[in-house]
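Got the viewer open and the selection panel ready? Let's walk through this one stop by stop.

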Amino acid sequence: MTHGPDDSPRLPVRVARPTTFLERLPPPVSSLPRWKIGITPPDLSPWLAGNCGIPGVMHYEGRRPGPHIVCVSLIHGNEFAGATVLDRLLRRRVRPRAGRLSLVFANPEAMRQFDPCDPVRARCVDEDMNRVWFPAMLDSRQTSYELDRARILLPVILTADRLLDLHSMLWPGDPLVLSGLSPTSRAMARRVRGVDVCVADRGHRSGCRLIDHPRFSNGSAAACLLEAGQHWHEATVTRTMQAVVSLIGPCCGLPANDGVLPRREMMVTDVITARTGLFRFVMPFHSGHVVADAGTVVAHDGGDEIRTPYDRCMLVMPNLRPARGHTAVRFARVDTGTQPPAPDQ
Ligand SMILES: [Zn+2]
């Protein structure tokens, strides 16, 4: 037994169990659910060239000084609720009175590949654009469509004072806003409307998210990532609009909206990575599900049991079909103001 961030006892997360030969055989392949496609990709043709020399970036300056606020959509091409919201705001000719505002369509090329018959595939062209933001990776000679696109967008990112990265979820779950551990980003997350939960974490071992770029993790600039609900649902568009307006409303003179503010603050303590191709949850958990008791088995990963390390453990964005090496779920507890101790499990 080890100890948790508040020094309460912690049970182990991963426990090897003896397996029989039959249990080591791959489980039968289950088909993916039929996803409901309630929205269609927006027509971004007026904005794709951009208006500031950077394709896909619409940039506006207010008359008075103020922060540079950046809203980013389409880091994942099949998550176009955010792009729908930015398109609607642009068509309404929303402009900042103070400061600067950049509305970004990060990877329209990936969205162009969206096919309602196979909606999951348009996530990227070459690689996950939310894992390419390590400065060393951006400075390297490595190339991919997403990495090159990230380099093109970098002048906007490096001047952002507050950045909101707009995403949605494949699997059902409570909407949430994610931040890194910096106090400025966590303070920003508490003011984002439309979601009930804010979650702080250290990011992913497999690569650097946009919100974890040193601009936001080390300095005074702040960044959060919105997971506004399931992809392709109109309710997700509504929540995204509430979140974006709560951020840009004051500088653009938009009326306040009645979206809820986060009531629960959670801290991720464990990131569970699938070590095998046989990672399976014991039931189809929703993101935000709270498991009452420590030691509850929530998944099997090959021969290992994955158990909750403490009472009242929240499952954050369980990926019900994780590939080997990918994040399968994060465990979070109510934030007690202490730093999370555990690296990836
Ligand atoms: Zn995403």
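Start with a single residue pair: select H300 and E305, because H300 has E305 in β15 as its bridge partner (strands are DSSP runs of E, at least two residues, and helices runs of H or I, at least four, all numbered from the N terminus). Before going on, note that this is a predicted model, where local features need pLDDT of at least 70 and side-chain atom pairs count only at pLDDT 80 or more, while totals for chains, interfaces and linings use all residues. Residues are numbered from 1 along each chain as its sequence is written, and side-chain values use heavy atoms, with hydrogens and water left out.

Now widen the selection to 297–301 and 304–307: these are β14 and β15, antiparallel and joined by four bridges. Two strands count as paired if DSSP finds at least two bridges between them.

Add the neighbours and you get an open sheet of four strands, in the order β3-β15-β14-β12, paired antiparallel. Its edges are β3 (14–16) and β12 (279–281), each pairing on one side only. From one strand to the next, the twist averages 25° (axes are lines fitted to C-alpha atoms, and angles run from 0 to 180 degrees between N-to-C directions).

Next, colour by domain: 11–34 plus 268–334 is domain 1, and 57–252 is domain 2, with bounds from an automatic or database domain assignment. Their centres, taken over C-alpha atoms, are 28 Å apart. Domain 1 puts 16 residues into the contact and domain 2 puts in 15 (contact means heavy atoms within 4.5 Å). About 1200 Å² is buried between the two domains, with carbon and sulfur atoms giving 67%; that is accessible area (1.4 Å probe) lost on putting the two parts together, summed over both. On the domain 1 side, pick S287, M317 and R330: they lose the most area to domain 2, together 35% of what that side buries.

Stay on M317. It sits in the loop between β16 (313–316) and β17 (327–334) and has a positive phi of about 45°, although it is not a glycine. Is M317 buried or exposed? At 16% relative accessibility, M317 counts as buried (buried is under 20% relative accessible area, exposed over 50%, partly exposed in between, with a 1.4 Å probe and protein chains only).

Jump to W232, in the loop between β10 (222–230) and α8 (234–252). W232 is another non-glycine with a positive phi, about 70°, and is buried at 2% relative accessible area.

Last stop: helix α6 (183–190), where S185, R186, M188 and A189 are buried. They lie on the same side of α6, because they cover an arc of only 155° around the axis, taken from the directions from the helix axis to the C-beta atoms.
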